[in-house]
Amino acid sequence: MTPVLTDTALVMWVSWLETLIGWFKDPESLLLAMGPWVLLGVAAIVFIESGVLFPVLPGDSLVFSAGLLHTQLGLSLWVLVLTITICAIAGSQVGYWIGKRFGRGLFSDDARVLKTEYLVQSENFFARYGGRSLVIGRFVPFVRTFVPIAAGIAGYNRTRFTLWNLVGALLWGTGLTILGAALGGVAFIHDNLTAIILLIVFVSILPMVFEFVLHKVRARKAFETADQIADMTISEDARDD
């Protein structure tokens with residue numbers, strides 16, 4: 001009996017995972033699947049992804065799609081906007097508290113989600129942009145989740161954090177939702193929603209790609225400069241001899 005149960009459980013798990021992946025690719029299906037709980041579902045996803053240690057939820061595309069489909073989903077636009085904005089603010093505030101309370105101990109090099117690598121990237125991002133990172137990072141997957149935690153670990157001033165968090169949540173949560181609603185009457189958007197979602201995802205990761213390339217270029221220049229200095233030092237030592 002055990003092998004049969006195990007095989008059945010495995011099939012169910014694979015089926016559920018495929019459904020989950022499908023929802024990530026198609027936020028419209030995810031929103032419709034939530035049925036009467038759609039507002040609560042959107043609120044939970046935004047809250048969690050805004051700083052509560054789970055960065056792989058479909059944030060940008062889901063918020064945009066919720067605004068686009070709010071009439072079809074039976075939601076008041078302004079209730080949706082208010083819910084998303086409040087949850088975005090609250091999620092980041094919790095992330096800040098997590099960082100300040102638990103520090104780096106929650107992360108490890110071999111973790112599947114809470115990788116030290118992701119935290120280090122967010123810490124570098126925060127160190128470079130300071131409070132502005134809470135606005136810029138809103139539009140970058142992973143960074144959106146971990147920057148509030150990095151700010152808490154760094155002991156960033158709570159009042160300044162709250163102000164920057166408010167600005168970022170308004171621009172991201174309110175802005176994307178209203179943008180989706182504004183484009184809701186455009187037939188081209190409805191007919192090509194999947195392509196639009198992919199474009200949003202692509203644009204959202206561009207800052208991360210740019211930062212990575214810039215880091216590589218700087219590292220190469222630093223290496224070349226160090227190499228040149230070493231060559232000059234060797235030449236000077238040779239002349240002195």
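This passage describes three helices of a predicted model and a nonpolar patch on its surface. Residues are numbered from 1 along each chain as its sequence is written, local features require pLDDT of at least 70, and side-chain atom pairs count only at pLDDT 80 or more, whereas totals for chains, interfaces and linings use all residues. Side-chain values rest on heavy atoms, with hydrogens and water left out.

Helix H8 (helices are DSSP runs of H or I with at least four residues, numbered from the N terminus) spans residues 143-153. Because 10 of its 11 residues are buried (under 20% relative accessible area, 1.4 Å probe, protein chains only), H8 is largely enclosed by the rest of the structure. Among these buried residues are Arg-144, Phe-146 and Pro-148. Gly-155, which follows H8, has a positive phi near 70°.

Helix H4 comprises residues 59-68 and includes Ser-65, which is buried at 0% relative accessibility. Ser-65 lies 112 residues from Thr-177 in sequence, yet their C-alpha atoms are 7.7 Å apart in space. The axes of H4 and H9 (lines fitted to C-alpha atoms over the stretch in contact, with angles from 0 to 180 degrees between N-to-C directions) come within 6 Å and cross at roughly 45°. The two helices are therefore oblique to each other, that is, neither under 35, nor over 145, nor 65 to 115 degrees.

Val-167 is located in helix H9, residues 158-182. With 36% relative accessibility, Val-167 counts as partly exposed, a class between buried and exposed, the latter being over 50%. Together with Phe-139, Trp-164 and Leu-171, Val-167 forms a nonpolar patch on the surface.

Notes. Patch = residues over 30% accessible without salt bridge, like charges linked within 9 Å, V, L, I, M, F, W, Y side chains within 5 Å. Areas by Shrake-Rupley, 256 points an atom, 1.4 Å probe, with all protein chains shown as cover. Salt bridge = Lys/Arg side-chain N within 4 Å of Asp/Glu carboxyl O.
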